[in-house]
Amino acid sequence: MKIFVSHSLSDSELLGKIRNTIEIYGIELLIAEHVQDLENTSTEKIEQMIIESDIAILMLTENGLNSNFVQQEIGYIKSLKKPFLQLVQSGFENKISGFNYGRDFIVYDPENPEDAISKVKTEILRYWNEKKIKLLEIQKKKNIEKYRKDLLKKSEEEKRLKIGLGILAGVVVIGLLFGFD
């Protein structure tokens with residue numbers, strides 16, 4: 001699973017803690033400043049990362065809430081209908097506005113970041129497990145449908161073979177009856 005992290009560059013310490021907690025589960029965090037792109041602008045690189053992601057984490061700290069990039073990333077994430085998890089710094093809950101207003105969030109206390117990081121990990125792993133189960137169910141349905149089609153095809157082939165053998169047997173019997181060699 002790939003997660004785009006919308007954040008302010010000023011929140012690199014918190015981002016590092018989240019990264020260390022989540023990446024051990026094989027989840028890739030897409031962090032713009034950690035990727036070199038010699039062909040695209042920063043905006044194009046971020047857009048591509050959001051497109052590639054399965055989910056986003058919005059780090060709405062004091063710095064993140066005041067970042068134009070974070071606000072624009074939120075709009076782009078919403079336009080693509082990507083699911084997202086909001087991490088909101090305590091005391092700034094009433095600053096959530098626009099298209100992400102009314103969505104659930106995890107409160108981040110800068111004095112006790114471990115609690116919020118643990119909740120982020122729990123929510124991300126829960127989402128990932130649910131997604132894996134859904135994908136397995138879809139694959140199971142596809143496998144069953146393929147098996148059903150294969151059985152039907154085999155049954156049709158057997159029917160044609162029996163008809164062919166019946167015709168051949170009939171020709172042999174007629175030949176024997178009329179003495180054809």
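In which strand is Gln86 placed? In this predicted model, Gln86 belongs to strand β4. The residue has a relative accessibility of 0% and is therefore classed as buried, the cut-off being under 20%. Gln86 and Glu28 are 58 residues apart along the chain, and their C-alpha atoms are separated by 18 Å.

Strand β4, which spans residues 84-89, also takes part in the largest nonpolar core. This core comprises 23 residues, and Ile3, Ile18, Ile22, Leu87 and Ile124 have the most contacts inside it. Two or more core residues are given by each of the strands β1 (2-6), β3 (55-60), β4 (84-89) and β5 (105-108), and likewise by the helices α1 (12-22) and α5. Helix α5 supplies the largest share of the core, with six residues.

Helix α5 covers residues 113-178 and includes Leu168. Leu168 is also one of the residues that form a nonpolar patch on the surface, together with Leu161, Leu165, Val172 and Leu176. The area of this patch is about 520 Å².

Interactions involving aromatic rings were examined next. The search for aromatic pairs covered the whole structure and returned zero. A contact between a charge and a ring was found for Lys132 and Trp128: the charged end of Lys132 sits over the ring of Trp128, at 4.3 Å from the ring centre.

Conventions
Residues are numbered from 1 along each chain as its sequence is written. This is a predicted model: local features need pLDDT of at least 70, side-chain atom pairs count only at pLDDT 80 or more; totals for chains, interfaces and linings use all residues. Side-chain values use heavy atoms; hydrogens and water are left out. Rings of Phe, Tyr and Trp (its six-membered ring) pair if their centres lie within 6.5 Å; planes under 30 degrees apart count as stacked, over 60 as edge-to-face and the rest as tilted. A charge sits over a ring if NZ of Lys or CZ of Arg is within 6 Å of the ring centre and within 35 degrees of the ring normal. Patches are made of residues with over 30% relative accessible area and no salt bridge: like charges are joined within 9 Å, nonpolar side chains (Val, Leu, Ile, Met, Phe, Trp, Tyr) within 5 Å. Accessible areas come from the Shrake-Rupley method with a 1.4 Å probe; for residues, only the protein chains shown count as cover. A salt bridge is a side-chain nitrogen of Lys or Arg within 4 Å of a carboxyl oxygen of Asp or Glu. Helices (H or I, at least four residues) and strands (E, at least two) are DSSP runs, numbered from the N terminus. A nonpolar core is a set of buried Ala, Val, Leu, Ile, Met, Phe, Trp, Tyr and Cys residues joined through side-chain atoms within 4.5 Å. Buried means under 20% relative accessible area, exposed over 50%, partly exposed in between (1.4 Å probe, protein chains only).
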